[in-house]
Amino acid sequence: LPADLTKMHLTDNPHPQVTHVPSSQSGCSIASDSGSSSLSDIYQATESEMGDVDLTGLPEAPVDSEDEEEEEDEDIDRTSDPLLGRDVVRECLEKEPADKTDDDIEQLLEFMHQLPAFANMTMSVRRELCSVMIFEVVEQAGAIILEDGQELDSWYVILNGTVEISYPDGKSESLCMGNSFGITPSLDKQYMNGVVRTKVDDCQFVCIAQQDYWRILNHVEKNTHKVEEEGEIVMVKEHRELDRSGTRKGHIVIKATPERLIMHLIEEHSIVDPTYIEDFLLTYRTFLTSPLEVGNKLLEWFTVDSLRDKVTRVVLLWVNNHFNDFEGDPAMTRFLEEFEKNLEDTKMKGHLRLLNIACAAKAKWRQITLQKPSRDSPLFFSLLGGSDKGFGIFVETVEMGSKAAEAGLKRGDQV
């Protein structure tokens, strides 16, 4: 990140150490050598990265006429300001909660969801918090925000600057942008343990009153639906409305066990979550040890008539979007062959044709060298096709464990 934005304090240490933060707060996950990290840095970093991009060959946009120049100049002034994003957010923050429009809340939501303090909250909880938050600025470094033993009435999130909490036992910790301190979501009387003071000038916070914080975290959760099995929560869904007309609303899965996430592939997906299958296939490696966990389930479900079309759709999307999952894994290649055989046996010719087209389109060219000890040695694979058959030459079979298989030759390869 550029080093010229020293105004946006993150810490007073050029190489900050990430400190341990209790579970009631969020860990500091933002650190940079320039001693700053904010929305404006991201804008500037993006601009500086774009500087070296070769734009030759791109179509040229038509040049505006002189009549529009004055109007355009104004737009350029606005968009070229790297702090514009942060200024818009600050404008929204400085409004009283009652004066915030839906657009203001969406702007705040876009900014706040990047901060660690809001990381584990659902979208509806974040939106409610954005509608009631109040903005506060402490200009001076060393100012005491909360005294030891003082009664707490708010939850605080740091937007800029650093604060230090000095505990009665002599320990201290620093909290930076995105961290939170203050009350827990309860209506009980709570008191500060330690002294909170600012470490740098221009510390900015958002505060949420205890009553609001408790109400939102306890009552807005009604939008979530928890699925339990044998006393364990196996899936959490959140109800979302994507527009005010009420036509695009439904439940979206936000958490689940790996088994339930796999099962959800063949369930009906709501209008608010139409890309669940694509999202799953893109990310499954982060929570599953092997793609066969999904593959074996799909083969099992294929035997159920009512699930066959859904299973086939999942496999076609998988082959089309992530063919490398199959091409680079012999076990997954065998899964694909078994699935292809199932399509043949159930006479699903249209789907079989789509599968073959997807595999042919996505496969990569490879060069394979197979050495034979002598002219008479067997090949360990057989071919099919040619001009007399009216189509290309393909590998029909490859002997398991043979030199041909070791070299990487696979059934279905076109020579």
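1. Let's begin with charges: this structure has 14 salt bridges, a salt bridge being a side-chain nitrogen of Lys or Arg within 4 Å of a carboxyl oxygen of Asp or Glu. Keep in mind that this is a predicted model, in which local features need pLDDT of at least 70, side-chain atom pairs count only at pLDDT 80 or more, and totals for chains, interfaces and linings use all residues. Residues are numbered from 1 along each chain as its sequence is written, and side-chain values use heavy atoms, with hydrogens and water left out.

2. Start with glutamate 229 and arginine 260, a salt bridge whose closest N and O atoms are 2.7 Å apart. The pair links distant parts of the chain, 31 residues apart, with glutamate 229 in strand β9 and arginine 260 in helix α7 (residues 258-263). Helices (H or I, at least four residues) and strands (E, at least two) are DSSP runs, numbered from the N terminus. Are these two partners buried or exposed? Glutamate 229 counts as partly exposed, at 40% relative accessibility, while arginine 260 counts as buried, at 12%. For these words, buried means under 20% relative accessible area, exposed means over 50%, and partly exposed lies in between (1.4 Å probe, protein chains only).

3. Next, look at arginine 285 and aspartate 325, whose side chains meet in a salt bridge of 3.0 Å, N to O. This pair also links distant parts of the chain, 40 residues apart: arginine 285 sits in the loop between α8 (276-283) and α9 (292-302), and aspartate 325 is in helix α11 (residues 324-327). Aspartate 325 counts as buried because its relative accessibility is 10%.

4. Another salt bridge joins arginine 366 to aspartate 413, with the closest N and O atoms 2.8 Å apart. Where along the chain do arginine 366 and aspartate 413 lie? Arginine 366 is in the loop between α13 (349-362) and β12 (381-386), and aspartate 413 is in the segment after α14 (403-407), 47 residues apart, so the pair links distant parts of the chain. Arginine 366 is partly exposed at 37% relative accessibility, whereas aspartate 413 is buried at 15%. Elsewhere, Glu128, Asp212 and Arg215 are joined into one network by salt bridges that share partners.

5. Now for the strands. Strand β9 (residues 224-229) pairs with strand β10 (residues 232-241) in the antiparallel sense, over six bridges; two strands pair if DSSP finds at least two bridges between them. Threonine 224 has glutamate 238 in β10 as its bridge partner. Two residues lie between the strands in this hairpin, where glutamate 230 takes a positive phi near 50°.

6. Strand β10 is also joined to strand β11 (residues 249-256), by seven bridges, and the two run antiparallel. In this pairing, lysine 237 stands opposite valine 253 in β11. A handy rule to take with you: in a regular strand the side chains alternate between the two faces of the sheet.

7. Farther along, β12 and β13 run antiparallel, joined by five bridges. Phenylalanine 381 stands opposite valine 398 in β13. Which residue in the hairpin of β12 and β13 takes a positive phi near 90°? Glycine 390 does, in a hairpin with four residues between the strands.

8. Strand β13 (residues 391-398) also holds isoleucine 393, which is partly exposed, with a relative accessible area of 38%. Together with Leu383 and Val415, Ile393 forms a nonpolar patch on the surface, with about 290 Å² of accessible area together. Patches are made of residues with over 30% relative accessible area and no salt bridge: like charges are joined within 9 Å, and nonpolar side chains (Val, Leu, Ile, Met, Phe, Trp, Tyr) within 5 Å. Accessible areas come from the Shrake-Rupley method with a 1.4 Å probe, and for residues only the protein chains shown count as cover.

9. Proline 330 is in helix α12 (residues 330-345) and is exposed, with a relative accessible area of 53%. The C-alpha atoms of proline 330 and glycine 408 are separated by 9.2 Å, with their positions 78 residues apart along the chain counted as the distance apart.

10. Finally, the cysteines: there are zero disulfides, a disulfide being a pair of cysteine sulfur atoms within 2.5 Å. Cysteine 92 is in no disulfide, and the nearest cysteine sulfur, in cysteine 130, is 9.9 Å away. Why does cysteine 130 not bond to cysteine 92? Because the sulfurs, at 9.9 Å, are too far apart for a bond. Cysteine 92 is buried at 4% relative accessibility, and cysteine 130 is buried with a relative accessible area of 0%.
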